[in-house]
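Student: I've got a model open and I'd like to go through its sheet, its salt bridges and its empty spaces. Can we take it piece by piece?

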Amino acid sequence: MLIIGIAGGTGSGKTTVVNKIIDSLPKDEVTVIPQDCYYNDNFHIPLEERLKMNYDEPSSIEWSLLCRHLKALKEGESVERPTYDFLTCARLKESVTLHPRDVVVVEGILVLTDPQLREMMDVKVFVDADADERLIRVIKRDCIERGRTPQMVIDRYQETLKPMHELYIEPSKRFADLIVPQGGNNNVAIMLLTDYIRSLLKNGVNNRNRL
């Protein structure tokens, strides 16, 4: 099993990169684990307080659970991945069953910040993109999917997203084996990455290979 970590700022194009990796490999060969599903379960905290919490710092994620699930998948066991509601900022009762696959992709803005998780990864990728482009994508996404107004998104960007990006996400770039500039639009870098993944699968390589 190959474990691939894909990090990058909010709106950098991580999901596009992940989808292109999935499309390049045989069907049902990839399991994707979004970091966002592992936000701490804060249901016991009043909604007004939950809405004000910082979800862009490493302490907002239950890394221990994510690492346990990865370990179980690598040992051939299925796991119950939590689900998360961005409108209520709390976990849902429902879970999603994940089965072991040849490739497991862990995707999220902070996945390269946790030392234990990084150690489990065979390939570490950082998707880079211009700050203005990322902000535009975040505004579109949050207004459509998360019920926020453009002003709410801009305020959150200035107060939380930008400072947390500079403090945690951007520095984690140094841990990456491959940096993909221009986000999901860099077809050359994505092609090199997918070719590398296919070569590892073809050769049955399961040790700590690096690009």
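Tutor: Sure, let's start with one residue pair: Ile-6 stands opposite Glu-107 in β5. Keep in mind that this is a predicted model, where local features need pLDDT of at least 70, side-chain atom pairs count only at pLDDT 80 or more, and totals for chains, interfaces and linings use all residues. Residues are numbered from 1 along each chain as its sequence is written, and side-chain values use heavy atoms, with hydrogens and water left out.

Student: How many bridges join strand β1 to strand β5?

Tutor: Strands here are DSSP runs (E, at least two residues), helices are runs of H or I with at least four, and both are numbered from the N terminus. Two strands pair if DSSP finds at least two bridges between them. β1 covers residues 2–8 and β5 covers residues 103–107, the two run parallel, and the number of bridges joining them is five.

Student: What is the strand order of the open sheet?

Tutor: The edge strands are β2 and β7 (178–180), each pairing on one side only. The sheet has five strands with parallel pairing, and the order reads β2-β5-β1-β6-β7.

Student: On to charges: which residue meets Arg-156 in a salt bridge?

Tutor: The rule is a side-chain nitrogen of Lys or Arg within 4 Å of a carboxyl oxygen of Asp or Glu, and a search of the whole structure finds eight such bridges. In this one the N to O distance is 2.9 Å. Arg-156 sits in helix α6 and its partner in the loop between α2 and α3 (63–74), 100 residues apart, so the pair links distant parts of the chain. The partner is Asp-56.

Student: Is Asp-56 buried or exposed?

Tutor: Buried means under 20% relative accessible area, exposed over 50%, and partly exposed in between (1.4 Å probe, protein chains only). Arg-156 counts as partly exposed at 23%. Asp-56 has a relative accessible area of 3%, so the verdict is buried.

Student: Which residues share a salt-bridge network with Glu-170?

Tutor: Glu-170 forms a salt bridge with Lys-173, with the closest N and O atoms 2.7 Å apart. Lys-173 counts as buried at 17% relative accessibility, whereas Glu-170 is partly exposed at 30%. Salt bridges that share partners make one network, in which Glu-170 is joined by Lys-173 and Asp-128.

Student: Now the empty space. What volume does the largest cavity have?

Tutor: On a 1 Å grid over the protein atoms alone, a cavity is a set of points where a 1.4 Å probe fits but cannot get out, while a pocket is an open set with protein on both sides within 12 Å along at least five of seven lines; lining residues have an atom within 4 Å of a point. Grid points are joined across faces, edges and corners, and a volume is the space filled by probe spheres set on the points. The count comes to one cavity of 30 Å³ or more. The volume of the largest cavity is about 40 Å³.

Student: Which helix gives the most to the lining of that cavity?

Tutor: The lining consists of Gly-9, Thr-10, Asp-56, Arg-134, Tyr-157, Leu-161, His-165 and Ile-169. Four of the lining residues come from one helix, residues 150–169, which is α6.

Student: And which helix gives the most to the lining of the largest pocket?

Tutor: That pocket has a volume of about 1,000 Å³. Of the 40 residues that line the pocket, the closest to its centre are Phe-86, Arg-141, Arg-146, Arg-148 and Arg-156. The top contributor, with seven residues, is α6.
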